Amino acid sequence: MKKKAIILMLCCISALAAMAQKVAYVDMAYILKNIPQYESANDQLSMISKRWQKEVETLSREAQVLATNYQTEQIFLSEEMKRQREDEILAKENAALELKRKYFGQDGEFFKKRESLIKPIQDEIYTAIQEVAQEKKYDVVKDRSADPGLVYMSNKLDISDLVLQKLGAK
């Protein structure tokens, strides 16, 4: 009877092991760092961002200068001149906010530029990951850099270098 119970348990364990998924991991941060096109796109985005940020800051400074000048000259101005200056200041502040929203808003130019530069690279990486997973018969591939709950992972499960090879990167 004990023998049958042990054999039954072993059969159950082997059946569970057969149903287990084959899992691999990639380190997207590592992969992206080793793709020259990604670094180039990031540099380009950084330059664009800095240029646009300067434009926004210039408008904001102009509004600030107008406000400072208004504060010092306010006592010498008529009511009509005060309203005119206040309107100028408000218009300049609104222009700065609008420019910031245009460049960096949710659907702003920066988002669109980033999408056009980075998305094709990401799509290429995901395709390479799928190809490697299919070749090596992995059921699941997880991103190691995006998994905060991951405490330990065997290097045997990391297929990042295989993905880089598939992409033709060093």
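Which residue lies over the face of Tyr138? Lys22 does, at 5.0 Å from the ring centre. The model described here is predicted. Two topics follow: the nonpolar cores and the aromatic pairs.

**Nonpolar cores**

- The largest nonpolar core is made up of 22 residues. Val26, Ile31, Ile35, Ile125, Ile159 and Val163 have the most contacts inside this core.
- Five elements give two or more residues each to this core: strand S1 (23-26), helix H2 (28-33), helix H3 (36-73), helix H5 (109-136) and helix H6 (160-167). Helix H5 supplies the largest share, eight residues.
- Leaving aside residues up to four places away in sequence, Ile31 touches Val26, Ile125, Ser160, Val163, Leu164 and Leu167. Of these partners, Val26, Ile125 and Val163 are also listed with Ile31 among the residues that have the most contacts inside the core.
- Another core, of seven residues, lies apart from the largest one. Its members include Ile48, Trp52, Leu59 and Leu99.

**Aromatic pairs around Trp52**

- Four aromatic pairs turn up in a search of the whole structure.
- Trp52 and Tyr103 make a stacked pair, because their ring centres are 4.4 Å apart and their planes meet at 5°; planes under 30 degrees apart count as stacked.
- Trp52 belongs to helix H3 and Tyr103 to helix H4 (residues 79-104), so this pair ties together parts that are 51 residues apart in sequence.
- Trp52 also pairs with Phe104, with the two rings edge-to-face. Here the distance is 6.4 Å centre to centre, and the angle between the planes is 75°.
- Phe104 lies in helix H4 and Trp52 in helix H3, so the edge-to-face pair ties together parts 52 residues apart in sequence.
- Through ring pairs, Trp52, Tyr103, Phe104 and Phe110 are linked into a cluster.

**Burial of the ring residues**

- Trp52 counts as buried because its relative accessibility is 11%, and buried means under 20%.
- Tyr103, the stacked partner of Trp52, is likewise buried, with a relative accessible area of 8%.
- Phe104, the edge-to-face partner of Trp52, is partly exposed, with a relative accessible area of 27%.
- Trp52 therefore appears in two settings: as a buried residue in the seven-residue core, and as a member of the aromatic cluster with Tyr103, Phe104 and Phe110.

Conventions
Residues are numbered from 1 along each chain as its sequence is written. This is a predicted model: local features need pLDDT of at least 70, side-chain atom pairs count only at pLDDT 80 or more; totals for chains, interfaces and linings use all residues. Side-chain values use heavy atoms; hydrogens and water are left out. A nonpolar core is a set of buried Ala, Val, Leu, Ile, Met, Phe, Trp, Tyr and Cys residues joined through side-chain atoms within 4.5 Å. Buried means under 20% relative accessible area, exposed over 50%, partly exposed in between (1.4 Å probe, protein chains only). Helices (H or I, at least four residues) and strands (E, at least two) are DSSP runs, numbered from the N terminus. Contact means heavy atoms within 4.5 Å. Rings of Phe, Tyr and Trp (its six-membered ring) pair if their centres lie within 6.5 Å; planes under 30 degrees apart count as stacked, over 60 as edge-to-face and the rest as tilted. A charge sits over a ring if NZ of Lys or CZ of Arg is within 6 Å of the ring centre and within 35 degrees of the ring normal.
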